[in-house]
Amino acid sequence: MSGGFSTETLTGSAMVRVQRTRILSELLDHLADLADTAVQTMRAEIPAYAAQDENFLADVRDQVVRHYRSKLAVMLEDRTATVDDIAFARRAAMRRARAGLALADYINAFRIGQRVFWGSVLERAGHSAAGHEAALSLAAPIMRYCDFASTHAANAYMEFQHYAAAEVIHESRDLLETLLAGGAPTRGGQLAAAQAYGLGSETRTPLLVVIAVLLGPRALVAGGDPVTTGPDRGVDARHAACAAISRAGANGTRTLSVVRQSEIVAIPALGPGGDPEELCERLQAVRESLMGEGILLAMGISTVVAGTAGIPQAYDEARTVLEFLPEDGGVAALPRLSPFQYLALRADDTARHLVDPRITALLSEDRARGGVLTATIRAFAAADLNLRASAERLQIHPNTAQYRLRRIQERTGRSLRRINDLLDLLVAIALHDSLPPTPEQPPNTNQGGQRLATVTDERRGSGDVRSFHESR
């Protein structure tokens with residue numbers, strides 16, 4: 001039982017479990033009335049809530065319903081609450097901060113919601129000993145959920161408040177426009193802001209430019225209800241994403257991050273010895289975290305440039321690399337690309353027409369069968385033409401790898417042991433990967449996703465899939 005509370009009493013643990021489930025189920029059936037009571041109590045006890053309009057209070061009620069439903073799900077499933085259970089809370093915290101609500105009032109509302117919920121538990125416990133014991137067993141998990149959710153919400157509130165404070169004086173926005181225009185701050189607030197972000201004009205600090213674009217409304221189910229979407233939620237989502245990106249810098253340093261019309265532009269400074277690959281991983285983690293909150297982004301990351309003079313060029317690079325992403329977004333990071341991969345992604349139809357038709361036919365057929373031979377070519381090249389090492393990468397027998405090399409040579413006339421032939425095959429694969437999905441593409445191969453993985457190296461160490469014509 002949750003919370004480690006023993007129910008081995010005279011009433012019997014089975015009866016207590018029955019009563020516990022009954023109480024939680026009745027609460028679930030009366031969520032709307034319970035939420036109404038909570039909001040009414042908040043208005044009566046918190047003057048700042050009483051002063052708000054109906055739209056604000058409707059949003060509060062929606063959050064109460066979501067929290068109550070998540071809390072009940074956690075207790076019915078007898079488990080601990082996770083960040084995924086309360087992913088909806090971050091954007092609500094941001095809206096409370098934007099509305100000017102004091103943090104103390106916001107947290108007080110959580111306590112009132114908890115008190116109303118607990119009062120309803122006691123009312124539904126009834127007069128039996130088993131009912132009382134069942135209610136008592138719920139006390140600890142209810143408190144744990146409230147502590148967890150209120151802490152998460154308070155952190156989100158303070159993070160956005162810090163982000164919003166910089167926006168109030170417009171220094172970040174003005175600084176960004178100056179840098180994108182190729183200028184350099186020389187005095188006043190802009191210079192102080194630039195130095196705070198590690199972007200002083202006198203340094204040649206390595207930095208990148210990141211552009212993130214919010215994709216179309218994404219209706220996720222949070223606690224059983226679809227997330228409401230609309231123009232205002234799009235604005236909220238952009239600001240929430242901007243605040244999250246601003247925290248992605250290395251060693252706790254602040255990152256200049258600004259909502260600029262329909263895009264978010266950030267300029268993270270790497271600092272001495274900074275690793276662009278680590279930054280890309282942190283930004284990818286930010287995107288994945290935001291997905292859990294219903295915020296879907298396409299993110300482009302430029303190459304590393306030295307100093308603020310390279311920012312306009314880096315901005316253009318970040319915008320260009322966004323074109324590499326499929327419709328469901330992702331992270332396209334130039335620091336993860338080789339010049340070879342970049343050129344393949346930017347190639348036109350003429351480059352593809354130069355590929356030997358035999359190679360094109362093999363790659364198309366192989367992709368429909370799971371990409372086994374393509375994976376073998378890549379593994380053989382990555383292993384420096386070492387057959388045994390490539391077989392280990394693919395987790396197959398060396399004889400199987402040898403068999404595949406023979407099939408590739410028979411079908412294409414290219415030997416993977418000749419450098420020019422191997423280059424032909426690798427170029428053809430890169431060009432084939434950059435093609436958009438086609439109606440003939442089997443629905444389970446997710447070609448757009450494969451293209452994204454190739455561009456950004458998001459998936460590593462994927463297992464090998466044997467072709468149907470090979471011995472198992």
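A crossing of two helices is left-handed if the near helix is turned anticlockwise from the far one by less than a right angle, and right-handed if clockwise. Let's put that to use on this predicted model, where local features need pLDDT of at least 70, side-chain atom pairs count only at pLDDT 80 or more, and totals for chains, interfaces and linings use all residues. Residues are numbered from 1 along each chain as its sequence is written, and side-chain values use heavy atoms, leaving out hydrogens and water.

**Exercise 1.** Work out how helices α16 and α19 are oriented to each other.

*Solution.*
- Begin with the axes, which are lines fitted to C-alpha atoms over the stretch in contact, with angles running from 0 to 180 degrees between N-to-C directions.
- Those of α16 (residues 372-382) and α19 come within 11 Å and cross at roughly 125°.
- Angles under 35 degrees count as roughly parallel, over 145 as roughly antiparallel, 65 to 115 as roughly perpendicular and the rest as oblique.
- Therefore α16 and α19 are oblique to each other.
- Their crossing is left-handed.

**Exercise 2.** Find the residues through which α16 and α19 meet.

*Solution.*
- Use contact, meaning heavy atoms within 4.5 Å.
- From α16, Thr374, Ile377, Arg378 and Ala381 meet Leu422, Leu425, Leu426, Ile429 and Asp433 of α19.
- Next, apply the burial cut-offs: buried is under 20% relative accessible area, exposed over 50%, partly exposed in between (1.4 Å probe, protein chains only).
- Among the buried residues of α19 are Leu422, Leu425, Leu426, Ile429 and Asp433.

**Exercise 3.** Describe the surroundings of Ser390 in helix α17.

*Solution.*
- Ser390 has a relative accessible area of 3%, so this residue is buried.
- Leaving aside residues up to four places away in sequence, Ser390 touches Ala379, Phe380 and Ala383.
- A polar atom of the Ser390 side chain lies 2.7 Å from the backbone oxygen of Leu387.

Methods: Helices (H or I, at least four residues) and strands (E, at least two) are DSSP runs, numbered from the N terminus. A polar contact is a pair of N or O atoms within 3.5 Å; within protein, one must be able to donate a hydrogen and the other to accept it, and residues adjacent in sequence count only if both atoms are side-chain atoms.
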